[in-house]
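I opened a fresh page for this one and worked through it with a few simple lookups. Here are my notes, in the order I made them.

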Amino acid sequence: MNLIPKKYYLDGFFDNFLTVADESKLKCDIYEKDGNYHIELDVPGFEKKDISIECDKGYLTITAVKNTESGDEDPSKNYIRRERSYGKYQREFYLGDVDYEQVVAEFKDGVLNIMVPKKEEVITKKQIEIQ
């Protein structure tokens, strides 16, 4: 099982670590510990209700959506500069064959921690003795 971003497979997987991350993406660290894969994803400025996690056909998709409504704006504010953006951010990782029921996610202080238990690989290769 590999935790590889969908658009990076094998060769491109390691090249991605050497490039500067796109500012519009949710930045993450992925590591293996105690027989589990761990994903730590930065989602500053979002609340738990703004984030969804979906597992489907071997992929783990994390989506964070934050919308601003024109009715929420304070008319007494005269903005000089506005840099905080709103919108939809998404990351997708290929997990392969995992037990989705065992995936655990926790959100605290703007960081989403996801633990994915590694599934024992079944050996499918066998040497056949010729009679």
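**Entry 1: a buried arginine.** I began with Arg-91, which sits in strand 6; strands here are DSSP runs of E, at least two residues long, numbered from the N terminus. Before going further I noted that this is a predicted model, where local features need pLDDT of at least 70, side-chain atom pairs count only at pLDDT 80 or more, and totals for chains, interfaces and linings use all residues. Residues are numbered from 1 along each chain as its sequence is written, and side-chain values use heavy atoms, with hydrogens and water left out.

Which side chain of opposite charge is nearest to Arg-91? I found Asp-29, 8.9 Å away, and Arg-91 is buried yet has no salt bridge. For burial I used under 20% relative accessible area, with exposed over 50% and partly exposed in between (1.4 Å probe, protein chains only). For charge, Lys and Arg count as positive and Asp and Glu as negative, while His and the chain ends are not counted. A salt bridge is a side-chain nitrogen of Lys or Arg within 4 Å of a carboxyl oxygen of Asp or Glu. What I did find is that the Arg-91 side chain reaches the backbone oxygen of Leu-26 at 2.5 Å.

**Entry 2: salt bridges.** How many salt bridges does the rule give? The count comes to 2. One joins Lys-118 and Glu-32, with the closest N and O atoms 2.4 Å apart. This pair links distant parts of the chain: Lys-118 is in the segment after strand 8 and Glu-32 is in strand 2 (residues 28–33), 86 residues apart. I logged Lys-118 as partly exposed at 33% relative accessibility, and Glu-32 as partly exposed at 48%.

I also noted the salt bridge of Asp-50 with Lys-49, whose closest N and O atoms are 3.4 Å apart. Asp-50 counts as buried at 15% relative accessibility, whereas Lys-49 is exposed at 67%.

**Entry 3: the core.** I then looked at the largest nonpolar core, which has 17 residues; Val-43, Ile-51, Ile-62, Leu-112 and Ile-114 touch the most other members. Strand 3 (36–42), strand 5 (59–66), strand 6 (87–94) and strand 8 (111–117) each supply at least two of its residues. Such a core is a set of buried Ala, Val, Leu, Ile, Met, Phe, Trp, Tyr and Cys residues joined through side-chain atoms within 4.5 Å. Leaving out residues up to four places away in sequence, Leu-112 has contacts (heavy atoms within 4.5 Å) that include Ile-39, Val-43, Ile-51, Ile-62 and Phe-107.

**Entry 4: a threonine in strand 5.** Is Thr-63, which lies in strand 5, buried or exposed? Thr-63 is buried, with a relative accessible area of 11%. Its side chain makes a polar contact with the side chain of Gln-90 at 2.8 Å. That term means a pair of N or O atoms within 3.5 Å; within protein, one must be able to donate a hydrogen and the other to accept it, and residues adjacent in sequence count only if both atoms are side-chain atoms.

**Entry 5: two loops.** Asp-34 has phi near 50 degrees, a positive value in a residue other than glycine. Asp-34 is in the loop between strand 2 and strand 3 and is exposed at 68%. Lys-57 also has a positive phi, about 50 degrees, in the loop between strand 4 (51–56) and strand 5.

Technical notes: Helices (H or I, at least four residues) and strands (E, at least two) are DSSP runs, numbered from the N terminus.
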